[in-house]
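Work through the exercises below with the structure in view. Each task is followed by a solution in steps.

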Amino acid sequence: MSKAAAQAASLRAQIARHDHRYYVLDEPEIADAEYDRLMQELRALEAAHPELVTSDSPTQRVSGAAAAAFAPVAHAVPMLSLDNAFSETDVADFDRRVRERLPGSAGTEAQGASVEYCAEPKLDGLAVSLRYHRGQLAQAATRGDGMTGEDVTANVRTIRSIPLRLQGRAPELLEVRGEVYMPLAGFRRLNETAAAAGEKLFVNPRNAAAGALRQLDARVSARRPLAAFFYSVGAWQGAPEAASQQQLLAQLASFGLRVNPETRVVNGVAGCLEYYRALLARRDRLPYQIDGVVYKVNRRAEQLQLGQVSRAPRWAVAHKFPADEAMTVLRDVDFQVGRTGVLTPVARLEPVMVGGASVSNATLHNMDEIERKDVRRGDTVIIRRAGDVIPELVRVLVERRPASARRIKLPAKCPVCGSPVLRAEGEAAARCSGGFVCAAQRKEALLHFASRRALDIEGLGDKLIEQLVDQAMVATPADLYTLKIEKLAGLERMGEKSAANVLAALERSKHTTLPRFLHALGIRDVGEATAAALARHFGTLAALQRASAEQILEVPDVGPVIAAHVQAFFAARANQRVIERLLAAGFSWPESQARPATALPLAGLTVVLTGSLSAMTREAASAALQELGARLSSSVSKRTSYVIAGSEAGSKLTRARELGVTVLDEAGLGSLLRGERPGRPTA
């Protein structure tokens with residue numbers, strides 16, 4: 001072998017290894033710049049020596065012109081579909097049929113024995129079959145009708161989580177089956193890019209994945225964020241097959257093929273249902289879309305004994321989740337007014353069951369969204385509900401539109417107070433101009449002021465605030481501190497003891513911190529992190545009140561829009577009077593020196609908190625970390641520096657371990673709060 005050929009082979013092996021660690025294991029070893037350097041070196045080498053270019057080179061993932069059509073591919077082993085189970089009774093019936101057909105196993109469940117199943121998530125993607133010859137990807141096809149699919153080899157080669165060459169001692173021939181899907185984060189980015197370009201948005205990740213895989217031009221597919229998991233095989237020659245489904249997945253993983261980490265071996269109906277319920281509870285926290293789980297008899301010999309009927313195996317079943325989409329009719333649209341005056345259109349629907357719950361309302365976000373989706377009163381629409389997320393109107397079935405359907409118009413006046421509704425040029429949001437004149441804004445502003453992450457005024461909930469505003473007892477946050485026990489005790493569901501508790505909570509709230517006070521004021525676009533940054537930068541409330549928009553713009557992560565909102569808030573005489581009255585009521589906090597963010601001991605670190613802490617609340621820990629310059633995040637990514645894991649930590653801890661992010665316990669949190677940086681934080 002020549003020196004150039006050896007160098008090219010070495011570079012391909014290095015890049016393949018790093019692709020596997022990044023796209024399959026989520027455990028990158030090198031920085032992106034170093035990876036790019038390796039690719040550039042290989043491209044340069046292959047350009048200088050074209051005879052060294054191979055079909056499995058990472059430089060060849062996207063090449064060639066658009067195809068005229070997809071050629072048919074006959075599957076050597078048919079790609080079977082699965083029977084569905086929609087209830088626990090259906091699962092029990094499936095298990096009973098399995099036990100009845102396995103020799104000597106009928107009735108063993110009642111005697112304490114059970115069938116062993118391999119349970120895995122049912123991805124909502126596109127089924128594919130990949131054929132590897134002597135370890136090299138030779139062909140990829142869609143499922144089609146199960147007997148014949150379409151050749152999508154060029155497009156599948158663009159998916160970075162799919163190896164072009166298998167690792168280890170691969171079989172002479174391996175036909176592996178799996179699911180191509182679009183991760184939710186990638187789907188959101190794809191739609192954000194499409195929206196910015198004024199293009200049509202994708203309805204859901206599955207449609208986006210299917211569309212990407214069936215592009216005639218592989219270069220278009222390469223720009224779509226696709227991934228894949230593998231779960232079964234068709235033809236297999238030249239290597240021993242596994243004795244169980246679990247072992248089969250381990251073998252596929254050893255070849256460098258990506259298998260789902262949520263797969264578990266369970267026993268009997270009870271184990272299947274426990275797995276189902278646990279995954280259903282976490283469904284909305286997974287980074288991909290699933291619509292159920294699949295149970296497969298684990299032992300491969302038993303799978304062969306059970307065989308198949310028609311086009312479905314007897315040894316597997318798909319247990320579907322309750323549908324998270326449904327069709328209904330939009331009867332009307334109301335506009336709700338929020339804390340900052342934003343009018344949010346809400347669809348009033350013919351009640352329909354979605355995701356196991358009755359849904360009669362759905363958010364429409366803003367007028368831009370209504371116009372983009374061409375939503376009209378009387379339309380038949382598709383509604384989606386994911387877990388506890390507010391139901392969303394996904395799309396309109398225009399073909400079902402009645403002649404009586406009416407366009408939706410933005411009201412000229414606030415539906416609550418009658419003040420003019422304004423919509424700034426270039427903004428999607430429309431706002432009521434009434435401010436505290438508007439009862440809806442007063443209620444929302446007061447609720448925010450009393451909320452747990454603001455001043456945490458226990459007992460001051462929405463029902464009490466609604467009465468206080470409706471009876472004109474309170475108009476601004478400062479009015480809360482003029483309340484008397486006699487007036488409070490006379491309200492509905494209140495008494496002297498409850499009133500005394502509320503007044504005591506109000507008194508406690510006066511002793512707070514500057515970041516919490518700023519956050520509680522409800523300044524537009526100023527959340528906890530921005531409030532903490534403002535407090536750190538200026539040190540005192542007086543300094544912030546005097547600051548110009550240009551001075552506020554010097555605060556890290558504060559842009560011109562937020563700077564203008566902050567300056568305008570403190571310049572408004574009505575807000576000045578509220579703050580003066582709050583300070584006169586006895587509000588106080590420890591004064592601190594203004595410090596540039598870069599001088600703080602934890603500057604540049606991104607920290608995620610998960611689980612329950614014993615030494616302090618998570619809110620207190622968050623505030624303390626932010627005071628030292630750390631940025632708090634609600635999600636774990638490769639850019640996360642530390643994950644602080646308390647007791648009962650969940651998916652964030654799992655994600656941190658998958659990505660190799662440094663995980664600290666409460667002792668590690670203590671080190672951080674002393675300004676130390678334990679371990680080696682991830683960049």
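## Exercise 1: an arginine in a loop

Arg 283 has a relative accessible area of 13%, so Arg 283 is buried. The model is a predicted one.

Task: State where Arg 283 is found and which residues Arg 283 touches, not counting residues up to four places away in sequence.

Solution. Step 1: find the elements on either side. Arg 283 is in the loop between helix 9 (268–282) and strand 10 (290–297).
Step 2: list the contacts. Leaving out residues up to four places away in sequence, Arg 283 touches Ile 290, Asp 291, Phe 321, Pro 322 and Asp 324.
Step 3: compare with the cut-off. Buried means under 20% relative accessible area. The value for Arg 283 is 13%, and therefore Arg 283 counts as buried.

## Exercise 2: an alanine in a helix

Task: Decide whether Ala 571 is buried, partly exposed or exposed, and give the separation of its C-alpha atom from that of Gln 545.

Solution. Step 1: place the residue. Ala 571 belongs to helix 20 (residues 560–571).
Step 2: read the area. The relative accessible area of Ala 571 is 47%, so Ala 571 is partly exposed.
Step 3: turn to the other residue. Gln 545 and Ala 571 are 26 residues apart along the chain, and their C-alpha atoms are separated by 7.7 Å.

## Exercise 3: three strands in succession

Task: Describe how strand 15 is joined to strand 14 and to strand 16.

Solution. Step 1: take strand 14 (residues 325–337) and strand 15 (residues 343–354). These run antiparallel and are joined by 7 bridges. One residue pair is Asp 334 with its bridge partner Val 346 in strand 15.
Step 2: look at the turn. The hairpin of strand 14 and strand 15 has 5 residues between the strands, and Gly 341 takes a positive phi near 90 degrees there.
Step 3: go on to strand 16 (residues 357–363). Strand 15 and strand 16 run antiparallel, with 6 bridges between them. Val 346 has Thr 363 as its bridge partner in strand 16.

## Exercise 4: a parallel sheet and its helices

Task: Give the strand order of the open sheet of 4 strands with parallel pairing, then place helix 22 and helix 24.

Solution. Step 1: write the order, which is 24-23-25-26. The edge strands, each pairing on one side only, are strand 24 (631–633) and strand 26 (662–664). On average, neighbouring strands of this sheet are turned by 30 degrees against each other, direction ignored.
Step 2: examine one pair. Strand 23 (residues 606–610) and strand 25 (residues 642–645) share 4 bridges in the parallel sense. Leu 609 has Ile 644 in strand 25 as its bridge partner.
Step 3: add the helices. Helix 22 (residues 618–627) packs on the sheet, where it touches strand 23 and strand 24, and its direction makes about 170 degrees with that of strand 23. Helix 24 (residues 666–673) lies across strand 25 and strand 26, at about 100 degrees to strand 26.

## Exercise 5: the chain as a whole

Task: Collect the overall values for the protein chain, including its number of helices and strands.

Solution. Step 1: count the elements. The chain has 24 helices and 26 strands.
Step 2: give the extent. The C-alpha trace spans about 85 × 60 × 60 Å along its principal axes.
Step 3: give burial and surface. Of the 683 residues, 47% count as buried. The chain exposes about 33,000 Å², and carbon and sulfur atoms supply 51% of it.

Key: Residues are numbered from 1 along each chain as its sequence is written. This is a predicted model: local features need pLDDT of at least 70, side-chain atom pairs count only at pLDDT 80 or more; totals for chains, interfaces and linings use all residues. Side-chain values use heavy atoms; hydrogens and water are left out. Helices (H or I, at least four residues) and strands (E, at least two) are DSSP runs, numbered from the N terminus. Buried means under 20% relative accessible area, exposed over 50%, partly exposed in between (1.4 Å probe, protein chains only). Accessible areas come from the Shrake-Rupley method with a 1.4 Å probe; for residues, only the protein chains shown count as cover. Two strands pair if DSSP finds at least two bridges between them. Contact means heavy atoms within 4.5 Å. Axes are lines fitted to C-alpha atoms, for helices over the stretch in contact, and angles run from 0 to 180 degrees between N-to-C directions.
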